[in-house]
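This report introduces a single protein chain to a reader who has not met it before. Please keep the sequence and the structure in view while reading.

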Amino acid sequence: MSDYPGRVTTGLNSRENWWSDMPPRTGRGPRPGRWAILGIAFILPSFVPAAVELCTDGATGKELVIIALLVVYGACYVLFPLSLRPSLRKTTYTFSVLMLLIGLVLVFLHDNNPYILIYATAVLSFTLPPAWAVILDGGALLVVLGVHLAIGKDDFGDLVAVTSITAAMFFMANLVRAVRKLEAANREIATLAVAGERERLARDLHDILGHSLTTITVKAGLARRILESGKDDSRALQEISEVESLTRSALSDIRATVSEYREVSLSAEIAGARAALRAAEIDADLPHAVDNVDPALQRTFGYVLREAVTNVLRHSGAKRVKVRFGKTWLEVEDDGDGGEVTAGNGLRGLTERLAAVGGTLTATAPSAGGWLVRAEVPESAVRSGARAPLTEPAGGCA
């Protein structure tokens, strides 16, 4: 595991990576069929001359055993990608150890030539976790060194070359592991980005349509009541005209949201809240200017005001709403039914928006009744330049 949240560890700097299997292939690479061709091309230059030499002047029993082991050893090298299939992972260790033992036997049967061992050590680097590859490959090379010392061989050049090639294969295998982990991480990041964008779009559309449709419903209901009473047709026409305007505005906001161009304005939200509350026959005590609010917070506070007013219109049954704000805080209070405060999608969405700028949101039910929603951002967070990201946190409206 990573020591830092969100960090992907790909190298040998964590204990988990030392003991983890090779990640599955995700991109393009040599498939088992193609690898068979490449593997045969790698082994023929070494195996054919050795077989010809062994068969010259007739093959003894020992030489026939060596040829048979060479054929099995070469087949293991050509077919080793098959052991990496998920359905065959249980046999990977048995396969790798068996190939390494055959390689050691061939070394001792063929004049203690360590070069034949390269094929097995390379395969172990790619099939086993790094820790096991080091243990088994290192152990095999130490066994060869011990035999060389026991028989008095003083030329270790071949063994040093084999050790160097084995080390190179080991680090190449770990490079492949890192690349595969990064590919998997990139796919996961892409998936999360798509999911996050869908959530952002869903929430922003919900913000727009929730507020606009609520206001349209209230205004349409008011126009219907006026028309039914037959007392003020001009007022009804005015309300219907405002409904049409709101519909056009909502369509424009939807298009802008899809294009990521929509900006929320606190002053515009105050004007919209005043019109919506008036249509709902709710007494609105709203500020007339937003100059005392920090410019960096006006967009976020605009979302808070929009959601709070929408909730008042939908759920509260209030007769009066009071909005107050300062440089780094905003309060929306109503005298509605109040009740138990539950964190719906709207409150969760606003909490995420405020968290993006280092602030907090509280919603309480005062003892006198109604609801009080307060958004506040510490001045230290404002001074640090915290900004809400373009892609908003996930959430929705209540």
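## Salt bridges and helix packing

E244 is partly exposed, because its relative accessible area is 43%. The model discussed here is a predicted one. E244 forms a salt bridge with R248, in which the closest N and O atoms are 3.1 Å apart, and both residues lie in helix 8 (residues 233-258), 4 residues apart, about one turn of the helix. R248, with a relative accessible area of 57%, is exposed.

Side chains of opposite charge can pair when their charged atoms come close. By the rule used here the count comes to 12 salt bridges, and the table lists some of them, including the pair just described.

| Pair | Closest N and O atoms |
|---|---|
| E244 and R248 | 3.1 Å |
| R320 and D283 | 2.6 Å |
| R374 and E331 | 2.5 Å |

R320 forms its salt bridge with D283, and this pair links distant parts of the chain, with R320 in strand 2 (residues 320-325) and D283 in strand 1 (residues 283-285), 37 residues apart. R320 is partly exposed at a relative accessible area of 36%, and D283 is partly exposed at 40%.

The side chains of R374 and E331 also meet in a salt bridge; R374 lies in strand 5 (residues 371-376) and E331 in strand 3 (residues 329-334), so the pair ties together parts that are 43 residues apart in sequence. R374 counts as partly exposed at 22% relative accessibility, and E331 counts as partly exposed at 22%. Elsewhere, salt bridges that share partners join K219, R235, E239, E242 and R278 into one network.

E331 can also be related to A363, since the C-alpha atoms of the two residues, which are 32 residues apart along the chain, are separated by 9.7 Å. A363 belongs to strand 4 (residues 360-364) and is buried, with a relative accessible area of 17%.

Turning to the helices, the axes of helix 5 (residues 118-127) and helix 6 (residues 130-150) come within 8 Å and cross at roughly 165°, and the two helices are therefore roughly antiparallel to each other. The axes of helix 4 (residues 92-109) and helix 6 come within 11 Å and cross at roughly 15°, so helix 4 and helix 6 are roughly parallel to each other. In helix 5, 10 of the 10 residues are buried, so this helix is largely enclosed by the rest of the structure.

On the surface, W19, Y93, W132 and I135 form a nonpolar patch, with about 400 Å² of accessible area together. W19 lies in the loop between helix 1 (15-18) and helix 2 (32-55), and W19 counts as partly exposed at 43% relative accessibility.

Notes:
Residues numbered from 1 in each chain as written. Predicted model: local features only at pLDDT ≥ 70, side-chain atom pairs only at ≥ 80, totals over all residues. Heavy atoms only, no water. Patch = residues over 30% accessible without salt bridge, like charges linked within 9 Å, V, L, I, M, F, W, Y side chains within 5 Å. Areas by Shrake-Rupley, 256 points an atom, 1.4 Å probe, with all protein chains shown as cover. Salt bridge = Lys/Arg side-chain N within 4 Å of Asp/Glu carboxyl O. Buried < 20%, exposed > 50% of the residue type's maximum accessible area, 1.4 Å probe, protein only. Axes fitted to C-alpha atoms, helices over the stretch in contact; angles between N-to-C directions. Parallel < 35°, antiparallel > 145°, perpendicular 65-115°, else oblique.
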